[in-house]
Number of protein chains: 2
Amino acid sequence: MKIEIINIGDEILIGQVINTNAAWMAEELNRNGFKAWQFTVISDNREHILQALEDASARADVVLVSGGLGPTKDDITKETICEFFTTRLVFNQEAYENIEALFARRGYPVTEVNRKQAELPESCIALPNRLGTASGMWFETSGQADRRTGGQGKKKLPTAGCQLPTVFIFLPGVPFEMKEMFTREVIPRLKERFTPQAIIHKTVLTQGIGESFLADLIKEWEGNLPAHMKLAYLPQPGIVRLRLTAAGSDQGVLQQEVNLEIFKLHTIIPDLIFGYDNDTLESIIGHLLMQQKKTLSVAESSTGGYTSHVITSIPGSSAWFQGGVVAYSNRAKEDLLYVKKETIESHGAVSEQVVMEMAIGARSRFRTDYAIAITGIAGPSGGTVDKPVGTVWIGLATPEGVSAKQFLFGDNRERNIRRTALTALNLLRKELF
Amino acid sequence: MKIEIINIGDEILIGQVINTNAAWMAEELNRNGFKAWQFTVISDNREHILQALEDASARADVVLVSGGLGPTKDDITKETICEFFTTRLVFNQEAYENIEALFARRGYPVTEVNRKQAELPESCIALPNRLGTASGMWFETSGQADRRTGGQGKKKLPTAGCQLPTVFIFLPGVPFEMKEMFTREVIPRLKERFTPQAIIHKTVLTQGIGESFLADLIKEWEGNLPAHMKLAYLPQPGIVRLRLTAAGSDQGVLQQEVNLEIFKLHTIIPDLIFGYDNDTLESIIGHLLMQQKKTLSVAESSTGGYTSHVITSIPGSSAWFQGGVVAYSNRAKEDLLYVKKETIESHGAVSEQVVMEMAIGARSRFRTDYAIAITGIAGPSGGTVDKPVGTVWIGLATPEGVSAKQFLFGDNRERNIRRTALTALNLLRKELF
């Protein structure tokens with residue numbers, strides 16, 4: 001069963017509005033055991049709408065259309081729909097009463113433009129709009145090509161004049177109206193009309209290795225996955241998310257199978273996995289520190305405040321985060337973190353010795369159990385032969401002592417900063433476990 | 001001239017990732033005098049890719065495809081492309097050297113999986129990827145249907161075996177790689193190959209007022225804009241960008257007309273405009289400080305490092321930014337910024353008195369000319385009747401003295417943090433002028 005989502009909207013096609021409606025519908029379909037096969041975005045234009053409906057009916061069993069139904073755009077879209085389905089607009093009493101009630105609640109009279117919104121194609125099932133004036137529409141086609149303009153039949157079944165029936169559903173484009181109608185009217189009808197699949201998604205979060213190296217490590221495991229399971233790599237700077245999707249008929253069996261595969265994955269890359277699904281490194285660290293009643297501070301140079309920012313993006317982080325120093329200049333490292341002038345002079349600001357003194361300094365200045373320290377060359381310039389752009393030292397002071405590690409994170413400033421901060425958080429996470 | 005954008009990605013079709021690539025490309029096309037006609041999103045699957053390319057070639061002159069080229073997905077997409085264009089993969093020395101250089105910079109050896117990325121279809125023009133391993137590809141079709149599988153000809157020109165040529169462009173799906181390649185390789189080639197409309201965009205950046213209030217202030221000006229000019233509101237937390245777009249045939253005339261309207265806008269909202277186009281508050285401040293040979297430090301509580309992060313996102317900011325303290329706890333405010341314990345006890349941590357002492361403390365600790373200080377309740381909880389969630393105090397210490405201002409920025413943590421930081425930067429900008 002193939003579902004196509006069509007969004008009508010010029011504002012999407014010039015990039016002014018991002019097509020979040022399609023993403024929302026797709027996610028909702030997925031949660032309910034359906035899968036979108038294709039998204040299409042078209043302009044608010046008769047020929048384009050006709051062509052898109054025609055194209056979609058040739059490849060999809062269900063065509064979900066949203067947009068083009070507002071009071072100012074109503075005319076073109078609904079008349080085009082009538083043309084496509086060879087039907088006509090008729091006054092719909094129920095739709096009119098809904099519009100009247102909505103206006104009464106707001107204390108306005110019904111305008112002519114809104115009265116016209118109660119006119120709906122004769123051959124559709126009207127889907128009531130609880131939050132707005134534009135009704136949704138559900139069309140069951142008979143599968144006869146002559147019900148559509150220029151129908152040429154499905155590509156898979158090219159017998160002239162005969163094709164598989166397609167369900168067409170038209171929804172308003174205003175997100176909250178569309179969502180309410182989709183959840184209340186569309187999903188239950190789809191479940192009645194078609195048989196949803198059981199689907200399970202599990203996302204495994206990894207840190208510390210790039211996509212291609214990770215793929216190399218787990219390729220045997222990936223190759224041995226059952227046919228009904230699919231793996232997707234979703235990389236972000238510093239993090240690679242692995243999404244395992246299993247589709248089948250029995251939710252319980254799928255869950256067991258997914259659990260087993262995740263368990264196997266843990267034995268292959270135990271050090272790289274830091275969490276699942278919507279976890280973040282900062283939320284995990286916050287949770288661990290809270291549980292252990294420990295506190296944290298940060299001394300950062302090249303990340304310029306980003307590490308503290310990520311940590312404090314968690315509501316309630318003041319319970320365990322005491323603060324940080326952004327020691328951008330050498331003098332700030334000396335004055336605020338008590339890094340020795342001689343250490344900087346003999347080893348340079350980006351060095352193991354300095355990052356360790358920074359970590360010790362932050363831990364004592366903020367009187368915390370743990371302190372993260374970072375010094376590096378974020379780029380795009382500032383490197384030397386010995387210390388190329390991208391060189392980063394991360395230090396960690398704990399109640400037991402202090403340690404440091406060197407990394408090379410590339411010369412893109414933004415990504416270098418993000419990778420550095422996430423790597424530092426992951427080092428702390430491992431320490432806390 | 002019709003442009004279709006195809007994005008390949010299962011993660012988009014299940015709603016896990018929103019299709020921001022298409023929106024970005026569409027906006028970029030628009031800025032350069034082109035307009036996207038249709039967006040299509042398909043799955044990472046041979047049949048689907050073939051069908052989408054076939055469908056698109058029947059309705060578009062340029063087909064822009066992104067996604068499906070990562071090291072782990074490479075095989076399917078590139079082989080399918082070869083099948084569609086009846087060509088074969090050959091080793092591309094230039095692409096390989098690019099991969100090698102990229103890995104060398106990171107200090108890694110080239111893996112087998114990445115070596116395969118240097119194999120490209122024989123009949124394409126390779127588009128170098130400066131930021132990643134997947135090359136882009138540009139195909140000029142001859143317009144012969146037999147160059148494609150099952151070609152049925154354009155619908156507008158259904159003569160069998162003959163159709164209008166279509167340009168196909170394949171780009172990586174990783175946003176920063178795609179964007180760099182799009183700007184450097186694709187746009188100039190499109191401009192050479194087709195004739196873009198004369199389009200002028202000018203974006204005016206405002207800070208300090210919300211979208212609907214701004215709209216109210218400038219509604220008369222907006223209503224009187226010539227018909228070929230369009231205004232778009234592009235709000236971000238703390239900033240509203242106003243994009244004026246003029247389309248016509250003569251670039252010079254358009255430029256004059258736009259200049260005139262921007263001049264008028266300045267007379268209506270002189271205090272709200274802080275820059276144009278790609279300016280940022282942090283880049284403007286950096287420029288001013290550099291010019292005036294002055295230095296800056298930051299003392300921040302509720303913004304948790306975000307203000308320092310924004311400032312240090314500018315390459316070379318170490319020339320004028322000395323550093324900052326993230327004083328999340330009261331003790332950190334006392335120990336590192338010399339805020340008096342009595343001041344916190346009698347006025348509370350979120351107060352005019354404390355923020356002024358923080359600003360003075362940062363200025364003296366970091367020995368800078370200017371210091372920004374921030375204390376507030378970022379939310380979502382932590383407010384009181386006197387000081388509701390969202391309350392923020394911003395202080396500014398200068399060579400002439402210290403001042404402070406109170407704001408109320410709402411209870412959404414992320415937006416509160418961003419609005420606070422940008423407002424603080426704008427206060428400094430006004431001081432520096």
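Domain bounds here come from an automatic or database domain assignment. The model is predicted.

**Exercise 1. Domains of chain A**

Task: State which domains chain A is assigned, and describe how domain 2 of chain A meets domain 3 of chain A.

Solution.
Step 1. The assignment for chain A lists domain 1 (3–193), domain 2 (198–276) and domain 3 (281–432).
Step 2. Between the C-alpha centres of domain 2 and domain 3 of chain A there are 31 Å.
Step 3. Contact is judged by C-beta atoms within 7 Å. On that basis 7 residues of domain 2 of chain A touch 9 residues of domain 3 of chain A.
Step 4. The domain 2 side of this contact holds 3 nonpolar and 4 polar residues, and no charged residues.

**Exercise 2. The contact between the chains**

Task: Find how many residues each chain gives to the contact, and which element of chain B supplies the largest share of its side.

Solution.
Step 1. Chain A contributes 53 residues and chain B contributes 55 residues.
Step 2. Several elements of chain B supply at least two residues each, among them α2 (20–31), β2 (36–42), α5 (93–106) and β14 (321–327).
Step 3. The largest share on the chain B side is that of β14(B), with 7 residues.
Step 4. Sorted by class, the chain B side has 24 nonpolar, 21 polar and 10 charged residues.
Step 5. Strand β14 (residues 321–327) of chain A pairs with β14(B) in the antiparallel sense, over 5 bridges. Within this pairing, A:Gly323 has B:Ala327 as its bridge partner.

**Exercise 3. The sheet of 10 strands**

Task: Give the strand order of the open sheet of 10 strands and identify its edge strands.

Solution.
Step 1. The order is β17(A)-β16(A)-β15(A)-β13(A)-β14(A)-β14(B)-β13(B)-β15(B)-β16(B)-β17(B), with mixed pairing.
Step 2. β17 (401–408) of chain A and β17 (401–408) of chain B are the edge strands, each pairing on one side only.
Step 3. From one strand to the next, the twist averages 10°.
Step 4. On the chain A side, strand β15 (residues 370–376) and strand β16 (residues 391–398) are antiparallel and share 6 bridges. A:Trp393 in β16(A) stands opposite A:Thr375.
Step 5. On the chain B side, helix α16 (residues 413–432) packs on the sheet and touches β15 (370–376), β16 (391–398) and β17 of chain B. The directions of α16 and β16(B) make an angle of about 30°.

**Exercise 4. The sheet of 4 strands in chain B**

Task: Describe the open sheet of 4 strands in chain B and the helix that packs on it.

Solution.
Step 1. The strand order is β10-β11-β9-β12, and the pairing is antiparallel.
Step 2. The edges are β10 (229–236) and β12 (273–276) of chain B.
Step 3. Here the twist averages 25° from one strand to the next.
Step 4. Strand β9 (residues 198–207) and strand β11 (residues 239–248) of chain B pair over 10 bridges. B:Thr203 stands opposite B:Arg243 in β11(B).
Step 5. Helix α10 (residues 251–268) of chain B touches β9, β10, β11 and β12 of chain B, and its direction makes about 15° with that of β9(B).

**Exercise 5. Helix α14 of chain A**

Task: Compare the span of helix α14 (residues 352–365) of chain A with the expected value, and decide whether α14(A) is mostly covered or uncovered.

Solution.
Step 1. The 14 residues of α14(A) reach 20 Å from first C-alpha to last, close to the 20 Å expected at 1.5 Å a residue.
Step 2. A residue is buried if 20 or more other C-beta atoms lie within 10 Å of its own. By this cut-off 11 of the 14 residues of α14(A) are buried, and the helix is mostly covered.
Step 3. The buried residues include A:Val354, A:Met356, A:Glu357 and A:Arg363.
Step 4. Just after α14(A), A:Arg367 has a positive phi of about 50°.

Technical notes:
Residues numbered from 1 in each chain as written. Chains lettered and ligands numbered in written order. Predicted model: local features only at pLDDT ≥ 70, side-chain atom pairs only at ≥ 80, totals over all residues. Contact = placed C-beta atoms within 7 Å. Nonpolar A, V, L, I, M, F, W, Y, C, P; charged D, E, K, R; others polar. Pairing = 2+ DSSP bridges. Expected span 1.5 Å × (residues − 1). Buried ≥ 20, exposed ≤ 12 C-beta atoms within 10 Å, placed from the backbone. Axes fitted to C-alpha atoms, helices over the stretch in contact; angles between N-to-C directions.
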